[in-house]
Amino acid sequence: MTTITLFSAPCTNLSFSSPPKRFRFNPQSSAQLSPTSSSPLQNPSLPKTGVIVIGAGLAGLAAATHLNSNNIPFVLLEASDAVGGRVRTDIVDGFLLDRGFQIFITAYPEAQKLLDYQSLNLQKFYSGARIFYDGRFHTVADPLRHFWDSAKSLTNPIGSPIDKLLIGSTRIGVLSKSNEEIFAAEEVPTIALLKKLGFSDSIIGRFFRPFFGGIFFDPNLETTSRLFDFIFKCLALGDNTLPARGIAAIPEQLAARLPTGSIMLNSRAVSVDLVGSKTPLVRLQNGDVLKSELGVIVAVEEPAAVELLAGRVSQVPKKPVRSTVCLYFTANRDQIPVQDPVLFLNGSGKGIVNNMFFATNVAPSYGPPDKALVSVSLIGLFEGVSDDELVGKVIEELSGWFGGKLVREWKHLRTYRIGFAQPNQCPPTDLKKNPRVESGLYVCGDYLTSATFDGALVSGRRASESLLKDRTLTPSS
């Protein structure tokens, strides 16, 4: 049994009279850089590049992608052994284990511009869910994609027929708004919005809490209504999917398009110094120093950014972090109750499981041909509960869902405890924050936009655009 615990925590403009030429830059790994014996402020021979991007998660990769498309030289520093940040996949005994419950929605607008969906080989979930309530499962389905399933669900106890009609009217409402209108709209907690729209307590408790609570890692639905409307719109327009090679295929695709040698792994930045606001320096944990000629983009999680940029960015009011635990189990293919690519939700209001699904039903490539992979998600970190206790509780709970004879044959594969799964975006929020700290220094990450894959990609683009504007570098045509 393995457990993985993941935590985080004005200048001279350069102008070009003609389109900037492409620079060739092939940085060494941090292990190859020569230690600087003299003060880095006085050393003219420091390794240098146009832009230094710190953090190779989705935001940092998006920033690097836009710099590259504008022929701006850069180096992308990543503290860990691979790109992706929170969007990582591990291979264990032939299974693909995403680090936590992560689903990719195909209607994300920024992702549609940046990613090659065909190459990702996206595998679709059923457009709806099965909800465990009152000892049995009930289906909630998208009426435009599964009409008969939706019609049969009108009288089930997961909300009233009026609730189902309200889902339709809410869908029409969000589709009538642009994303800009959604992110600038007046906001309330999602729970307040749902009540204002007229949804009953039954459908809020049995569907919205486990479904959107699982997306936001927020069972109380205190997350801003702006994010709810954006996700609801994307769900209406697109599909829930998994890349066939794991969720890490998304950042890996972005990284593969960048120039060879432009990404430095195992290179943790510990400080950023702006020397006279002209030549920012980035010091690495091993003592090496890199010099930027154009600026630095900090693309790490908000707590890490506050620490890295001590004194330059203000500490935001503390909100409870969004944490999750994800447990994986293996089983023989004949030891699982369904073959459908459907998400199961806990609508009972009891127990610790929020949602689960059989990953190999969605994407068979997530496991060996004769094996099934079971993914179970809990909201919160459960710090006072041991790994063995969690496994026992989950097995007992799911035995009540699918029968003990099947579930007790499942074998625990790995547990991920993710301390910082997502930024807390309860009101008040500003989902269009300025990425510019000062000229030459910029930040990006989903905490500046929406706490989604798409928000991270958007923030990376905005940071690079802000840098280019400051430096009056005209994007290439």
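**Exercise 1. Helix 1**

What should the 12 residues of helix 1 (residues 58–69) span at 1.5 Å a residue, and how far apart are its end C-alpha atoms?

*Solution.* Keep in mind from the start that this is a predicted model. The expected span of a helix is 1.5 Å times one less than its number of residues. For the 12 residues of helix 1 this comes to 16 Å, and because the end C-alpha atoms are 16 Å apart in the model, the two values agree. The next step is to look at the surroundings of the helix, which is mostly covered, with 11 of its 12 residues buried. Among them are Leu58, Gly60, Leu61, His66 and Asn68. Beyond its end, helix 1 is followed by asparagine 71, whose phi is positive, near 60°.

**Exercise 2. The two sides of helix 5**

Work out which residues of helix 5 are buried and which are exposed, and explain how they are arranged around the axis.

*Solution.* Begin with the length: the 15 residues of helix 5 (residues 161–175) should span 21 Å at 1.5 Å a residue, and the end C-alpha atoms are 22 Å apart, which agrees. Then collect the buried residues of this helix, which are Asp163, Lys164, Leu166, Thr170, Arg171 and Val174. Because these residues cover an arc of only 155° around the axis, they lie on the same side of helix 5. On the other side, Ile162, Leu165 and Ile172 are exposed. As a last step, ask what the buried residues pack against: their partners are helix 6 (179–184), helix 7 (190–197), helix 8 (201–216) and helix 9 (225–237).

**Exercise 3. The loop between helix 8 and helix 9**

Find where phenylalanine 217 and leucine 221 are placed, and decide whether each is buried or exposed.

*Solution.* Phenylalanine 217 is placed in the loop between helix 8 and helix 9, and leucine 221 has its place in the loop between helix 8 and helix 9 as well. A residue is buried when its relative accessible area is under 20%. Phenylalanine 217, at 9% relative accessibility, therefore counts as buried, and leucine 221, at 0%, therefore counts as buried too. The backbone adds a further detail: phi of phenylalanine 217 is near 55°, a positive value in a residue other than glycine, and phi of leucine 221 is likewise positive, near 55°.

**Exercise 4. Cores and cysteines**

Identify the residues with the most contacts inside the largest nonpolar core, and follow the contacts of one of them.

*Solution.* The largest nonpolar core has 93 residues, and those with the most contacts inside it are Phe208, Phe212 and Ile297. Leaving aside neighbours within four places in sequence, isoleucine 297 is in contact with several residues, including Val51, Val53, Leu67, Tyr442, Cys444 and Leu467. A second, separate core of 27 residues includes Val325, Leu390, Val391 and Val407. In soluble globular proteins, nonpolar side chains tend to be buried together. Turning to the cysteines, cysteine 444 is buried, with a relative accessible area of 0%, and cysteine 234, at 3%, counts as buried. A pair of cysteine sulfur atoms must be within 2.5 Å to be a disulfide, and by this rule the count comes to zero.

**Exercise 5. Strands 18 and 19**

Locate leucine 373 and histidine 412, and describe what surrounds each of them.

*Solution.* Leucine 373 lies in strand 18 (residues 371–379) and is buried, with a relative accessible area of 0%. Not counting residues up to four places away in sequence, leucine 373 touches residues that include Phe95, Leu97, Tyr328, Phe358, Tyr366 and Leu413. Histidine 412 has its place in strand 19 (residues 411–422). Its side chain makes a polar contact of 2.7 Å with the side chain of threonine 415, and the side chain of histidine 412 reaches the backbone oxygen of arginine 414 at 3.4 Å. To finish, follow the chain to the loop between strand 19 and strand 20 (436–438), where proline 428 is found; a cis peptide bond, with omega about 0°, joins proline 427 and proline 428.

How values were computed. Residues numbered from 1 in each chain as written. Predicted model: local features only at pLDDT ≥ 70, side-chain atom pairs only at ≥ 80, totals over all residues. Heavy atoms only, no water. Helix = DSSP H or I, 4+ residues; strand = E, 2+ residues; numbered from the N terminus. Buried < 20%, exposed > 50% of the residue type's maximum accessible area, 1.4 Å probe, protein only. Arc of directions from axis to C-beta. Contact = heavy atoms within 4.5 Å. Core = buried A, V, L, I, M, F, W, Y, C linked by side-chain atoms within 4.5 Å. Polar contact = N/O pair within 3.5 Å; in protein donor to acceptor, adjacent residues only side chain to side chain.
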